[in-house]
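Please look over the chain and its fold below. The report that follows takes the sheets, the domains and the ligand shell in turn.

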Amino acid sequence: MDAIAPRPKPAIPPAFNGETVTWVHHWTDSQFSFRCTRDPGLRFVAGQFAMIGLMVDGKPLVRAYSIVSPPWDEELEFLSIKVQNGPLTSRLQHIQPGDTVLIGKKPTGTLLTENLLPGKTLWLLATGTGLAPFMSLIREPDVYERYEHVVVAHTVREVKELAYRQYISEELPRHEFLGEILAGKLLYYPSVTREPFITQGRITDLIESGRIFTDLGLPPLSPERDRVMLCGSEAMNADVKAMLEARGFTEGSNSEPGSYVLEKAFVTK
Ligand code: A2P
């Protein structure tokens, strides 16, 4: 009897590695995370994003996704929204361990510590899935050599959308080698806008009112001592950018470092 030939896997276009999904976690009905294998040749810096996606009808369907995992991790992790009629995320949300995903071979992006001038406190301000690149940065030991404090401020509409909350507040401080490095340096500041929470309100309001500084025991933002990375919706990025520039901050880029950098949280469909 003839052996049944396995169904051929679609050929992977040369700009991508085909990686195997190893773990999927659904945070809410609109957000999930997954991990996949990592090609040993894939290099990236904490804060960068890669083009990722699936082969659909023999063609790559990809979007920009910030990498959640730190550069030292042997796997890759991503955080995604789920849009029921979104071309990519309507499919990607159904991936299971063993499935193949496309990972672009050339990560890039501006949320890099080298795009910032030296400073004392690094503020990582995110809304929604904009938290992703900061998950990588807060697990990069080099970041703690550059700053006295690293603040992750994550704003979402509802408490259940605070992805990685337990990981940041409970697991990371006990992490076998990072725990000691980040002790007393990493400050987590979650806030929620549409239901009661210890810290309620948009990051813009928490900065304007000064509440975030009082809560954390840090001085108000100044371009001399503070450095800021922004990753949120277009509206959040624009509002915080205007607030920072009114305070004398200048935008850094891959060609010239400044006192803040920003990237859009890639709301993919
Ligand atoms: P709000 O609930 O007041 O709109 P979204 O899910 O729309 O991307 O929003 C994620 C979080 O970002 C929400 O908590 C939302 O607050 C907040 N947000 C939206 N727009 C802005 C903005 N322009 N400045 C600061 N925060 C914002």
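Which residue in E9 stands opposite Val-156? Val-192 does. The model is a predicted one.

**The parallel sheet**

The Val-156 and Val-192 pair belongs to the contact between E8 and E9, two parallel strands joined by seven bridges. Both strands sit in an open sheet of five, ordered E9-E8-E7-E10-E11. Pairing in this sheet is parallel. Its edge strands are E9 (186-192) and E11 (260-264), each of which pairs on one side only. Neighbouring strands are turned by 10 degrees against each other on average, direction ignored. Helix H8 packs on this sheet. H8 touches E7 (121-127), E10 (226-232) and E11. The direction of H8 makes about 160 degrees with that of E10.

**The antiparallel sheet**

A second open sheet holds six strands in the order E4-E3-E6-E1-E2-E5. Here the pairing is antiparallel. Strands E4 (59-66) and E5 (75-81) are the edges, each pairing on one side only. On average, neighbouring strands are turned by 40 degrees against each other, direction ignored. Within this sheet, E1 (residues 16-28) pairs with E6 (residues 100-104) over five bridges, in the antiparallel sense. Phe-16 stands opposite Gly-104 in E6.

The two sheets can be set side by side.

| Sheet order | Strands | Pairing | Average turn between neighbouring strands |
|---|---|---|---|
| E4-E3-E6-E1-E2-E5 | six strands | antiparallel | 40 degrees |
| E9-E8-E7-E10-E11 | five strands | parallel | 10 degrees |

**Domains and their contact**

The domain assignment gives domain 1 as 16-104 and domain 2 as 113-264. Their centres, taken over C-alpha atoms, are separated by 24 Å. The contact takes 17 residues from domain 1 and twelve residues from domain 2. On the domain 1 side, the elements that give two or more residues are E1, E2 (31-37) and E5. E5 gives the most, with four residues. What is the make-up of the side of domain 1 that touches domain 2? The residues there divide into ten nonpolar, seven polar and no charged.

A UniProt record adds an annotation. The unreviewed entry marks residues 14-114 as "domain: FAD-binding FR-type". Over residues 14-114 the chain is 4% helix and 48% strand. The end C-alpha atoms of that stretch are 29 Å apart.

**Around the ligand**

Which residues come nearest to the ligand? Thr-127, Thr-193, Arg-202, Ala-235 and Met-236 do, out of 14 residues around it. Strand E8 (149-156), helix H6 (203-208) and helix H8 (234-246) each give two or more residues to this shell. H8 gives the most, with three residues. By type, the shell divides into four nonpolar, six polar and four charged residues.

**Two elements to follow**

H8 appears twice in this account. This helix packs on the parallel sheet, touching E7, E10 and E11, and gives three residues to the shell around the ligand. E8 also has two roles: the strand is joined to E9 by seven bridges and is among the elements that give two or more residues to the ligand shell.

Note on methods. Residues numbered from 1 in each chain as written. Predicted model: local features only at pLDDT ≥ 70, side-chain atom pairs only at ≥ 80, totals over all residues. Pairing = 2+ DSSP bridges. Axes fitted to C-alpha atoms, helices over the stretch in contact; angles between N-to-C directions. Near = placed C-beta within 6 Å. Nonpolar A, V, L, I, M, F, W, Y, C, P; charged D, E, K, R; others polar. UniProt positions renumbered as here; feature names shortened; annotations may be inferred. Domains from an automatic or database assignment. Contact = placed C-beta atoms within 7 Å.
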